[in-house]
Structure formats: structure tokens, C-alpha cells
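Student: Could you take me on a close look at one part of this protein? I would like to see how a helix packs and what lies around it.

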Amino acid sequence: MAVSFKYWDECVDTLDMEAMWLDPDVSSEWINAGEVKGQKVHLSRDPDGQPYLTQTEMKAVAEIIVRRHFLSQVDPDMICSIAELESDRQLLTTHYNKKAKETTFGIMQILPKTAEWLVSELGYRTYEVEGNPSLLYRPFVSVYLGSAYLKWLSNYDQKERNEEFVVRAYKGGIKKASHKSTLTYWRQYLSVKQSLPSRKHFGHRPLLTDASASTSASASVSSLPVSQMTGYVYWDSRASPEDLEEMWNHSEVVKEWTKSGEKRGKVRFSHDAEKRPYLSRVEIKAVAEIILSKHFSTRRVKPTVLCALAEVVSMRFVNGVGAWTGIMGIDYPTTLWLYKDLGYKAYIVESVDDLTNPFLSMYFGAAYLAWLSEYEGRERTPQFIVQAYLAGPKNVNIQETGPLWLKFEEALSNYEDPKKEQGSCSIL
């Protein structure tokens, strides 16, 4: 597999190249090195003539990929540290494992079979690599798939995993995550991470409230001129015209959107201080009501329950939080199973990116909730259904009122009138 890169333009597409130029640190570094926008940009080379990414470039690629696809789910510092250890940021690095008889490629050292699994089984299709492992040498492809794998490891076996588990499992596989053979790698990782240049941290934030939505996030969005809005995400880019028409026909939504100056064809999501798009409580409730009235009118699933679950799993962030994808936290394999095997086909699912459509996520969240309500042919209690949704049906302990149920009840109180909903909540 003879691959050679002299210029950035040979290993990234036009959109990614534009994103690199828009990064102020990268553009400053490139201009100082004599590069000119509109012309081919030279890759840095080590004394052996091998192309590599500078720390500034590596940081930019990691942050661009995380901002697009894994915001609040993968730490860019983790990506940069692993790239440093795995390849020293050299694009054409390969390592052959004699024992496993397998070769890893690129700055994140991805196995071709792992890449194909991430694409075919988990739906990471932004960069197609099936049948062409040489694409793993491309920096954006490698970081995208490496990030996808890190996200999967962070919730392996439906359990939230700590940083040490994720890093050691990335190096040695799941079985070696606690083995002494990966301990040195973990210590090296901590040392490298500590030495990285200072950068913005993409972390988790507290639950958003209506007060924060109306004062901080929405106010900061509204105060910006349109010319500075390119970093914001719009409803129109995530939802179909038909679903948006339903939103415009919802009285509470129209009231909120009109007040914030939204116009048909270009409706902004609310954004937090880190420009992460999220739904207001008015919007999330409207989406739930629309989906249920159109597709689950006979199932009696309550919109308030879907809203509360969205609060718990994603904090109403459009892209999700942590291992949870989309507002309802439904993963791609579960969505594909509901779509193909159970016949929920009101929305087409082709890739994991589709799950960032609030209507699609809500639809499959409602479908999964309905399935859980009759799990194994038995009518299930609200406690079982909620815990099963959040932790998996095989991990439910109905003898205990766990923290997930308590979080759910707290979130539910934001949507249900206590005078009308006396006693414990009901799902159906």
C-alpha cells in the first residue's frame, strides 16, 4: 500500500481544509511558515522525511472533529495524547502485531476491521473507509474513527467507564484494560496529557433550566449579528420541512420563536456558552407531542415522560452527552434494530449522524419506550421501564430506587403539574 502525502490538500477534503484555515492558531502558524490560502499547504516533515502534524494542527483536527460529531462526548486532549503515543503524530505510521497478525494505520493507529465495524455496525459514515484501509492515513478520517472508538469504550457493556479504562482499553483491548501490560501506557498518557499546550476543555455542564435558556444562552445568541452566527446550528439543518411546519403550528413554540426573533427558513437552536445546541423545554415538549400524536396515538405514551428522559440522558443537547447520542440517547445499533426488525420506519436511518435530528431521536426513543413497556411479553411498571431505558433491561433492579430513577423523577417535575399528577408517575 504505497501512500505518500506532500501537501495537506492531498489528505483532506475541501471542507476540512477550510475548517483548518478558520482555526486562528493554525492559520497563524501556516502564514508564519509562508503558506498562502488558496494554494497547497505543505505538511511538516521530520528528519527522515516523514509527514507529521504539528501540535497546533493536531489540536485543531481533534477539536474540529469533536465539535462536529462528539461534543461533550470525547475529550480533545485525550485524542491528542493518544495520537502522540500511538504515532508521534506521523500520518503514515503503521504497526504490525506479529501475535495478532494485524496492522494498524494512521495517527490514531486504527485497525481496518475496527474501522469497518465502526462504519457498518455503529453507523459512523461521515468518512467511508470500507474496502480502502489507505484512507486511515488521512488525519480527519483517523481522528473521526478513533474518537468514535473512544466514545464506544466510554460506555462499554452499558456501563460508564472512567478515563483510565478507556485509555488502557484503547491500547490493549477490553481484556487488557486492567492488565499490568497497559499500566505503563496509562502513565505515559498522563504525562503526555499534562504537557499538552493549554486549550479549551469540552466538558459536561449542569442541567439547563428555563432561566438559563432565556437569560444566558438564548440572550447571547440573540445579541450576535447574523454575520457572526456561522458557528451556530439551525433547526432547518437537522429537521425536515414537514416537521418544522409542525413546530410553527405549535402555539407555545411560535410564541417562543417569535419572541427571540426567529424566522421561517432559519431558526436557531439555543446554544450554551460553548456553542453546544440544545432544545428549550418548550421545544422538547412540542417535539414529543408531535411525534406521539402522529405515530403513537394508540400507545398512550406520555410526552412528559419522554421529556424527562431527554433531560436525564442528554440534558436536551442536540448531539447528546457522553456516550448518549441525540436528545433521547438512542444508540445506532438499537435504532437500526427498531427500524429493521420492529418496523419503525417513519424516519430513515442511514448513519449515526441521523440521530442528531431531534424528531428522529424522539421517534425512536418513544418506540424503544413502548417496546420496554411490554418487555418479554409482560406489562412493566414505570420504575422498570425508566431504569431499563437508562441502563438496559438486563440491568434493572426493581427492588431498589436507584439514582437514575430519582434523577428521572426530578426531571419529570419540570414538566408535570403536581396538582394534576399526584402520586407516582405513570408511563402509559
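Tutor: Happily; we will start with the whole chain, settle on helix α4 and its surroundings, and then visit a few other places. Keep in mind that this is a predicted model.

Let's get our bearings. The protein chain holds 17 helices and six strands. Of its 428 residues, 52% are buried. The accessible surface adds up to about 20500 Å², and carbon and sulfur atoms account for 49% of that area. Now think about how the chain folds back on itself: if you take contacts between residues at least 6 apart in sequence, 63% of them join residues at least 24 apart.

Now to the helix itself. Two packed helices are described by the angle between their axes and the distance between the axes. For α4 and helix α7 (residues 163-172), the axes come within 12 Å and cross at roughly 35 degrees. The crossing of α4 past α7 is right-handed. Look for the side of α4 that carries M78, I82 and E86: these residues meet E163, V166, V167, Y170 and K171 of α7. Sorted by type, the residues of this contact are five nonpolar, three charged and no polar.

What lies on either side of α4 along the chain? Leading into it is the loop between α3 (55-70) and α4, and L71 lies there. L71 counts as buried because its relative accessibility is 4%, under the 20% cut-off. In sequence L71 is 251 residues away from G322, yet their C-alpha atoms are separated by 8.3 Å.

On the other side, the loop between α4 (76-87) and β3 (94-97) is the place of R89. Most residues other than glycine have a negative phi. R89 has a positive phi, near 65 degrees, and is not a glycine. R89 is also buried, because its relative accessibility is 11%.

There is another residue with a positive phi to look at, further along the chain. M315 sits in the loop between α13 (303-314) and α14 (332-340). Its phi is about 55 degrees, although M315 is not a glycine either. With a relative accessible area of 11%, M315 is buried.

While you are there, step back into helix α13 and find L306. L306 is buried, with a relative accessible area of 0%. Leaving aside neighbours within four places in sequence, L306 is in contact with A288, L292, V301, M328, M362, G365, A366 and L369. Take A288 from that list: A288 and L306 are 18 residues apart in sequence, and their C-alpha atoms are 6.6 Å apart in space.

Finally, zoom out to the largest nonpolar core, which has 127 residues; W8, W235 and Y389 touch the most other members. Helix α15 (residues 358-372) supplies the largest share of this core, with eleven residues. To see what one of those three touches, select W8. Not counting residues up to four places away in sequence, W8 touches M17, M20, W30, V41, H42, L43, L53, E57, V61, P139 and F140.

So here is the picture to keep of your helix: α4 crosses α7 at roughly 35 degrees, with buried L71 in the loop before α4 and buried R89 in the loop that follows α4.

Terms used: Residues numbered from 1 in each chain as written. Predicted model: local features only at pLDDT ≥ 70, side-chain atom pairs only at ≥ 80, totals over all residues. Heavy atoms only, no water. Core = buried A, V, L, I, M, F, W, Y, C linked by side-chain atoms within 4.5 Å. Buried < 20%, exposed > 50% of the residue type's maximum accessible area, 1.4 Å probe, protein only. Helix = DSSP H or I, 4+ residues; strand = E, 2+ residues; numbered from the N terminus. Contact = heavy atoms within 4.5 Å. Areas by Shrake-Rupley, 256 points an atom, 1.4 Å probe, with all protein chains shown as cover. Axes fitted to C-alpha atoms, helices over the stretch in contact; angles between N-to-C directions. Left-handed = near helix turned anticlockwise from the far one by under 90°. Nonpolar A, V, L, I, M, F, W, Y, C, P; charged D, E, K, R; others polar.
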